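Please open the structure in your viewer and keep the selection tool at hand. The tour moves from one selection to the next and tells you what is found at each stop.

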Protein chains: 2
Amino acid sequence: MSFTPPVNAIGYLLRHGVDLDAIGQTGSFEDTPPDLLDAILGGAADFARDVFAPINWDGDQNPATLEDGNVTASPGFKSAYKQFVDGAWQTVALPAEIGGMGLPSTVSVATNEMLYAANMALGLCPMLTSSAIKAIDAHASDALKTTYLPKMLAGEWTGAMCLTEPQAGSDLGPVRSKAVDNGDGTYAISGQKIYITWGDHDCADNIIHLVLARLPDSPAGSRGISLFICPKYLVNEDGSLGDRNDFQPIGLEHKLGIHGSPTCTMEFSGATGYLVGEVNRGLASMFIMMNEARLFVGVQGVAIGERAYQAALQYAHDRVQGVPPGQEAGAPIIDHPDVRRMLIDMKAKLMGARSICLATAEAGDLGNHAREGLLTPIAKAYGSDTGVDVSSVAVQIHGGMGFVEETGAAQHYRDSRIAPIYEGTNGIQAMDLIGRKLRRDGGEAMRDLIAELRDGVKTVQGASGQGGVDLSVCAAAMEQGLETLTTATDIILSATDVDALGVATTYLELCAKVISGSLLARTVARGVVAGDEQSAAMASLARYHALRIMPTAGGLLISIRAGADPIYDFPRDQLADL
Amino acid sequence: MSFTPPVNAIGYLLRHGVDLDAIGQTGSFEDTPPDLLDAILGGAADFARDVFAPINWDGDQNPATLEDGNVTASPGFKSAYKQFVDGAWQTVALPAEIGGMGLPSTVSVATNEMLYAANMALGLCPMLTSSAIKAIDAHASDALKTTYLPKMLAGEWTGAMCLTEPQAGSDLGPVRSKAVDNGDGTYAISGQKIYITWGDHDCADNIIHLVLARLPDSPAGSRGISLFICPKYLVNEDGSLGDRNDFQPIGLEHKLGIHGSPTCTMEFSGATGYLVGEVNRGLASMFIMMNEARLFVGVQGVAIGERAYQAALQYAHDRVQGVPPGQEAGAPIIDHPDVRRMLIDMKAKLMGARSICLATAEAGDLGNHAREGLLTPIAKAYGSDTGVDVSSVAVQIHGGMGFVEETGAAQHYRDSRIAPIYEGTNGIQAMDLIGRKLRRDGGEAMRDLIAELRDGVKTVQGASGQGGVDLSVCAAAMEQGLETLTTATDIILSATDVDALGVATTYLELCAKVISGSLLARTVARGVVAGDEQSAAMASLARYHALRIMPTAGGLLISIRAGADPIYDFPRDQLADL
């Protein structure tokens with residue numbers, strides 16, 4: 001169950017898939033010259049491999065426990081988290097103005113992928129802290145920022161997001177938790193919140209909850225929800241910790257996966273809360289972090305997929321079984337064509353999904369927020385779906401050993417399954433893609449991306465043949481794929497709402513297949529031109545993608561053409577009778 | 001977590017998808033007039049719903065335990081199994097000559113599906129007994145038959161298959177367990193067997209193990225393996241039980257799913273064994289049951305998928321969240337187009353996979369063993385893959401509730417994952433399909449099936465429009481799909497071994513998509529002509545399949561055309577470095 005951080009793969013994509021020079025020239029980030037970048041990646045890799053990864057299985061087997069209103073994290077987690085704090089890893093992606101390292105999001109996507117792969121359950125804790133920091137930084141008063149941000153940036157205090165209630169999940173409009181003005185600048189928060197990731201634990205001195213609640217005179221629905229800080233321990237004026245606040249975990253979920261991440265039901269009983277931002281604008285304040293959180297969930301899918309792939313690859317090298325074609329004796333199963341196919345397929349999909357995640361981060365770093373918005377739901381959904389897909393195939397390669405928990409393959413399969421669900425289900429991502437991101441701007445951001453990738457075809461054609469690397473099938477698949485994507489986009493743009501929503505997931509999948517393959521091919525072309533030695537191997541993955549993954553877009557287009565008719569054709573109430 | 005056996009769906013497919021009259025006319029089976037068939041289906045449905053289903057979750061939460069060499073099954077399992085014995089359910093699919101009900105395999109596919117859906121973990125026990133009965137009946141001496149078959153047919157004694165060893169899984173050639181001739185007509189069996197499903201338990205008085213082992217002078221490899229009966233308790237001449245035999249469970253696997261099914265490591269320490277069939281012909285004796293066992297694993301996939309679908313459908317009706325397009329207020333999530341799409345997609349795939357399973361059984365019942373052999377790997381692989389696919393989407397529809405174990409959705413996701421692995425991994429099914437089933441007979445069985453389905457296009461065209469049911473898109477998709485399948489088949493037939501094996505899984509998937517959609521459309525066409533009232537609703541599923549599932553065959557064909565090049569393109573030993 002060892003984990004080798006994929007620094008070669010990630011490094012290659014950072015060097016040739018992302019324009020780090022242009023990101024540097026925005027002036028928004030600290031300089032990251034190549035040697036610093038290598039040092040950061042190497043440091044994150046060492047930390048992920050040596051500190052987070054070794055306790056991943058322990059966390060799965062020994063979930064957090066709840067006793068007397070206090071959660072104790074899985075064995076080893078407290079110590080590992082302390083090392084995370086000591087290494088100042090919380091600050092990587094946070095702006096320099098507030099004390100962060102000020103690195104571009106592209107770099108933090110890379111470092112976080114390694115952390116998630118090493119230990120997704122534990123990695124969620126800093127992810128939530130980061131989101132909470134950004135919400136507080138963007139919306140809270142200076143006094144609140146002064147009180148909370150330094151400790152959170154250090155990682156000494158962690159963050160948690162208290163959004164979901166039993167009747168308010170994907171749609172937060174029906175949130176019922178109450179906030180009553182205490183008249184002293186504070187509010188009394190009451191209600192029950194569910195599915196609170198890292199809602200309580202013993203790894204940090206304090207836990208800063210961001211809580212959505214409703215004032216008594218606020219309008220119903222999503223425009224009547226406000227955002228509050230509720231610290232687990234109240235903070236005295238001198239910064240020391242005071243009394244425990246009036247809320248506590250009252251239950252831990254028994255989950256399919258990420259057992260090491262305590263998922264709490266939190267009961268707020270008149271807890272002291274501090275308003276963040278304007279009254280009734282709580283949802284808007286939360287949405288500001290959503291792009292980043294969604295991207296990171298896509299990265300989690302890639303991360304778990306990568307770790308599952310590594311385990312499967314190792315097993316395929318070690319396990320001798322059966323005589324492959326053209327051989328005389330038993331051989332490692334990697335020599336069986338179908339096992340080989342599964343491995344290449346996993347790797348090509350992972351590289352494609354990783355390319356989309358990095359392109360999303362790059363767009364954000366470059367201030368191209370239309371593209372960032374467009375790519376975010378694709379990165380989230382395709383990254384997370386790929387994680388499930390790849391970890392399922394990894395179980396398959398292990399055969400019976402994959403179904404036995406002690407191998408660890410099953411853990412990845414279980415852990416990965418949350419990513420398509422949280423931070424907006426993948427169905428919601430698809431709705432977001434066609435609604436807010438495609439149709440609202442009349443397809444402009446998508447056409448801009450397609451145009452850039454069409455230029456990329458020329459890059460690929462130009463590079464093909466150099467250094468003996470043939471990319472001609474990639475250029476052909478890109479052309480065909482981008483044509484298909486253009487046609488599908490036109491159909492979605494002119495479709496009725498119901499038709500568009502009915503095929504939204506299919507459209508997202510089509511986008512993912514074409515864009516991931518195109519990005520990967522363009523990256524390899526640039527790598528070839530730059531004379532990067534890894535390019536010959538990477539070109540194999542790009543060709544596999546071009547020959548076996550991108551072409552599936554054609555079948556998806558046929559489904560998209562059919563619109564919602566086949567979906568609404570069926571009498572809804574007869575479904576149960578069949 | 002209730003379960004409603006899908007008697008309407010299954011009944012419709014039995015009435016119009018399968019030629020029960022022709023099966024009856026073979027003379028191989030007891031008569032099953034429509035009212036008897038209904039009674040059997042209804043009885044199996046009641047039993048599955050009332051006896052097996054209610055303890056499914058208990059079995060998941062409370063796996064079997066091992067103490068002092070004895071396994072105690074999950075709570076309630078012993079009592080439920082006793083009711084299974086009392087109802088004589090073990091005998092359904094067994095030939096009348098040996099005391100079975102003598103029903104066709106098509107009918108037992110239907111009844112077993114309901115049992116597996118109700119409780120796959122427990123349903124495995126009778127499945128193994130059935131396989132053991134058939135092996136003994138086909139190969140054992142009359143004396144052994146007399147001793148073992150009556151009790152096994154009654155279900156009072158269960159069966160177990162001891163094949164796998166640590167170094168011998170997919171490839172049983174390296175089996176090392178030893179058999180030494182005792183000189184008294186018995187053998188002393190020694191060795192360790194792993195992954196022995198229902199290898200020990202307390203639900204039956206005796207457990208009859210079929211064990212593969214090697215005589216000292218036997219040749220190496222698969223041609224030196226013999227088959228032995230090893231009863232848990234030796235049987236005295238008067239049929240009473242004697243001493244416990246010298247083997248025992250020494251471990252239980254901690255598995256991802258089917259927790260209620262005890263998976264044992266068995267240690268044989270000179271256990272008394274009785275030779276079944278000829279020395280060194282043990283593997284051949286086992287292979288004879290393999291078609292049936294593989295078909296039943298495909299049925300398990302459909303079964304778990306069906307149960308997962310039902311849970312998701314119920315949740316989608318109950319869960320109110322968000323405002324669907326064209327509506328004003330919050331509505332059940334089934335009114336969101338993407339949720340609706342997922343549900344129809346699940347149901348259409350299930351009906352398609354179920355159609356393939358029944359067609360496989362029908363071919364066997366009609367004595368068309370070439371077709372039975374051709375369809376078996378497709379039924380096994382597509383049925384089991386569909387189970388995983390559908391149960392994953394069922395988790396997705398449940399959102400966060402799907403990731404929490406108590407909902408039960410996660411159990412289906414975990415349980416279903418074994419089916420693509422056991423009884424020959426799906427990769428092995430794909431190799432079997434192109435090797436033994438397609439290329440060995442020069443494609444004759446496949447061409448025969450394609451020709452029959454091309455005739456089916458005419459049936460579909462002829463029925464379209466009758467009773468207001470439009471099947472024109474089905475006919476068009478069938479024509480296109482069968483053309484694609486023909487092309488793909490020609491490619492596989494003329495490909496090199498490596499090219500064919502490299503795309504074997506893709507070819508199997510293509511076969512499954514086209515054949516399932518074609519069978520479903522033809523079934524509906526026949527139902528329309530027969531004036532069956534269910535046909536209008538079923539036609540919606542066939543149209544969905546035609547518009548959104550069958551067309552994906554085109555993309556698969558592109559992959560098949562590429563052959564193994566994209567798979568072998570990559571330097572194997574560089575995979576770990578990327």
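The stops below go from the two chains to a recorded domain and then to pairs of charged side chains.

This is a predicted model, in which local features need pLDDT of at least 70 and side-chain atom pairs count only at pLDDT 80 or more, while totals for chains, interfaces and linings use all residues. Residues are numbered from 1 along each chain as its sequence is written, chains are lettered from A and ligands numbered from 1 in the order in which they are written, and side-chain values use heavy atoms, with hydrogens and water left out.

Begin by selecting chain A and chain B: a turn of 180° with a shift of 0.0 Å along the axis lays chain B on chain A with an RMSD of 0.0 Å, superposed by least squares on the C-alpha atoms of residues with pLDDT of at least 70 in both. This is the relation of a two-fold axis, and in chain B the C-alpha nearest that axis belongs to B:Gly555, 2.9 Å from it.

Next, select residues 280-433 of chain A, which an unreviewed UniProt entry annotates as "domain: Acyl-CoA dehydrogenase/oxidase C-terminal"; such annotations, with shortened feature names and positions in the numbering used here, may be inferred rather than shown by experiment.

Now select A:Asp338 and A:Arg341, which form a salt bridge with their closest N and O atoms 2.9 Å apart; the term means a side-chain nitrogen of Lys or Arg within 4 Å of a carboxyl oxygen of Asp or Glu. A:Asp338 is buried at 6% relative accessible area, and A:Arg341 is also buried, at 10%, where buried means under 20%, exposed over 50% and partly exposed in between (1.4 Å probe, protein chains only).
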